[in-house]
Amino acid sequence: MRLIRQCYHSAVLLNSIGFITFDKLVWNRSKQWFCEPFTFRTFQKLSGLAMMEIKENSENAGLFCPNPAVRGMVNLDRDAFSKTIQVPVLKIRKEIINKVMKTLKHKLIHRPHLKRIGDDPKDDSIKNVMLDPFIVTSEDSFDDRDREIFKQLDISPQVLQVDLQLTYENFKTDEILEAVLPKGQDVTSSFSRVGHIAHMNLRDHQLPYKNLIGQVILDKNPGLTSVVNKTNIIDSTYRNFQMEVLAGEENMMTKVKENGFTYEFDFSKVYWNSRLATEHDRIAGFLKNGDVVFDVFAGVGPFAIPAARRNCIVYANDLNPESYKWLVHNCKLNKVDKKVQAFNTDGREFIRTVVKEELSKYIKAFSTERKHRLHVVMNLPALALEFLDTFRHLLPEEPHSEVVLPTVHCYGFSKDDNPEKEVKDRAEEMLGTTLKNYSIHLVRKVAPNKEMMCISFELPAEVLFGTQTNNEGEPVSKRPRTDKACSVDSEAQV
């Protein structure tokens, strides 16, 4: 976003002196910025006046930067950011101030927590209206419409310069962090919001300033009470990670609202990613009343609970005992506990026992009625594709040729130049077949060279049905259902 802003403001500057023209900056469906229409103009050698204007604009670009003395600050000193600048003002009579503000709204100065109307120290009947120094530099900055309003209300278009003290409260997060960190280093001000918690992923060069960064994020975002930084990669077993509190309280118990549902959990002990809200809703859009959903890596319920709200029959599992506890709690909280059965076991064990037993039953029923569908959700991007081989010959020989087969939604990370092909190849390798009915969806870009993908496919009959054998070629004995599996209806202490 910082680069986008720099490009945009550079384009605005070039546009103002006639290098380029554009109407608007557009964010298209391909997630790219472009200007439309956008044309480069030919131009002759710049005059001295134009060069002076460019120099003046370049110097003004630092007008809203904090005091340069804050560079390298490690412990936040809010008073050190103060600086005094000059801004243009119009003097307006009190009784007409409301009438003229609408006309001037696009020329007013915009800074956080800054009052744009101030008292005139010499005349109680006059208000000083502060204008944007980048837009208004003289009387010539007003257009004909402005002048007509001024004439009607008897307002002098004379622009005066007054001193304005900017304090820490008047600077934006990026402006503060760019002023503090060494020049040329990337500034990270983005975070994932999880209830009252801001979750950041700071880079190594930012760690000396981590507590200052955390406090700035806390100051500039109302409603936040904690800022944390991930200190290691996600644990593939329980999908949580170690974190440190950069600023604020250490309370990790939080409440999140997503797509109309409420989730409560201890963020330090479970996996939650606010950036997956759209994906949760996308999968829910495939589900119909009466469908059956098997959620192999359910977490605290962001796939299972929306499915249950759509009157699906849901079997949800997670290996992490904390995730299981909050899954049970959230099902009750969202009043879908009658429609979800929750399990606390390994994903492979869940497929070999619960999925195997229930899938066999529903395939027979649905193949006769042909009204409902079966879905298997596998959201463990680091490992889920490796679990697909568990479906090989999971059920005995198919009862007839027109059975209703389950649709699998399996997630995976890819660093390949062609992530769609790479994810498909890995899925086919684990299944031992070539997929025909499938689709691949880009969920999000995790890093510059790492994407999270979802491959959805109908589980082929030749994979699902057959006789399982062990290494000696003997049939595999039926595994018992895990004794940790239990219905959400049962007594569960949270």
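The legends below describe several close-up views of a predicted model of one protein chain.

**View 1. The protein chain as a whole is built from 12 helices and 20 strands.** This view sets the scene for the close-ups that follow. Of the 494 residues in the protein chain, 45% count as buried. If one considers the contacts between residues at least 6 apart in sequence, 67% of them join residues that are at least 24 apart.

**View 2. Helices α5 and α6 pack against each other with their axes 10 Å apart.** Two packed helices are described by the angle between their axes and the distance between the axes. Helix α5 covers residues 173–180 and helix α6 covers residues 210–220, and the angle between the two is about 160°. Angles over 145 degrees count as roughly antiparallel, and α5 and α6 are therefore roughly antiparallel to each other. The crossing of this pair, α5 and α6, is right-handed. On the α5 side the residues that take part are T173, I176, L177 and V180, and in α6 they meet L212, I213, V216, I217 and K220. Helix α5 is mostly covered, since 7 of its 8 residues are buried; the buried residues are T173, D174, E175, I176, L177, A179 and V180.

**View 3. I217 is a buried residue of helix α6.** The relative accessible area of I217 is 0%, and because buried means under 20%, this residue counts as buried. When residues up to four places away in sequence are not counted, I217 touches T173, S189, F191, A198, M200, L224 and V227. One of these, T173, lies in α5 and is among the residues of that helix that meet α6. I217 and A247 are 30 residues apart along the chain, while their C-alpha atoms are separated by 8.6 Å.

**View 4. Helices α3 and α4 form another pair, with axes that come within 10 Å of each other.** Helix α4 consists of residues 144–153, and its axis crosses that of α3 at roughly 175°. This angle makes α3 roughly antiparallel to α4. In α3 the residues K99, V100, T103 and L104 meet R145, D146, I149, F150 and L153 in α4.

**View 5. A284, in helix α7, is a buried residue.** Helix α7 covers residues 277–284. The relative accessibility of A284 is 5%, and for this reason A284 counts as buried. Leaving aside neighbours within four places in sequence, A284 is in contact with P306 and R310. A284 and A304 are 20 residues apart in sequence, and the distance between their C-alpha atoms is 9.0 Å.

**View 6. D295, in strand β13, is buried and touches several residues from elsewhere in the sequence.** Strand β13 covers residues 292–295. At 1% relative accessibility, D295 counts as buried. Not counting residues up to four places away in sequence, D295 touches F303, A304, Y315, A316, N317, F350 and V377.

**View 7. Helix α9 has a cap at its N-terminal end and is followed by a residue with a positive phi.** The cap is N320, which has a side-chain oxygen 2.9 Å from the backbone nitrogen of E322. Helix α9 has 13 residues, 321–333, and at 1.5 Å a residue it should span 18 Å; the C-alpha atoms at its ends are 18 Å apart, so the two values agree. Among the residues of α9, S323, Y324, W326, L327, V328, H329, N330 and C331 are buried. The residue K335, which follows α9, has a phi near 60°.

**View 8. Two histidines, H113 and H393, each have a positive phi although neither is a glycine.** The phi of H113 is near 55°, and that of H393 is near 50°. H113 is found in the loop between α3 (97–104) and β4 (117–120), whereas H393 has its place in the loop between β16 (374–378) and β17 (407–414). At 70% relative accessibility H113 counts as exposed, while H393 has a relative accessible area of 32% and is therefore partly exposed.

Conventions. Residues are numbered from 1 along each chain as its sequence is written. This is a predicted model: local features need pLDDT of at least 70, side-chain atom pairs count only at pLDDT 80 or more; totals for chains, interfaces and linings use all residues. Side-chain values use heavy atoms; hydrogens and water are left out. Helices (H or I, at least four residues) and strands (E, at least two) are DSSP runs, numbered from the N terminus. The expected span of a helix is 1.5 Å times one less than its number of residues. Buried means under 20% relative accessible area, exposed over 50%, partly exposed in between (1.4 Å probe, protein chains only). A polar contact is a pair of N or O atoms within 3.5 Å; within protein, one must be able to donate a hydrogen and the other to accept it, and residues adjacent in sequence count only if both atoms are side-chain atoms. Contact means heavy atoms within 4.5 Å. Axes are lines fitted to C-alpha atoms, for helices over the stretch in contact, and angles run from 0 to 180 degrees between N-to-C directions. Angles under 35 degrees count as roughly parallel, over 145 as roughly antiparallel, 65 to 115 as roughly perpendicular and the rest as oblique. A crossing is left-handed if the near helix is turned anticlockwise from the far one by less than a right angle, and right-handed if clockwise.
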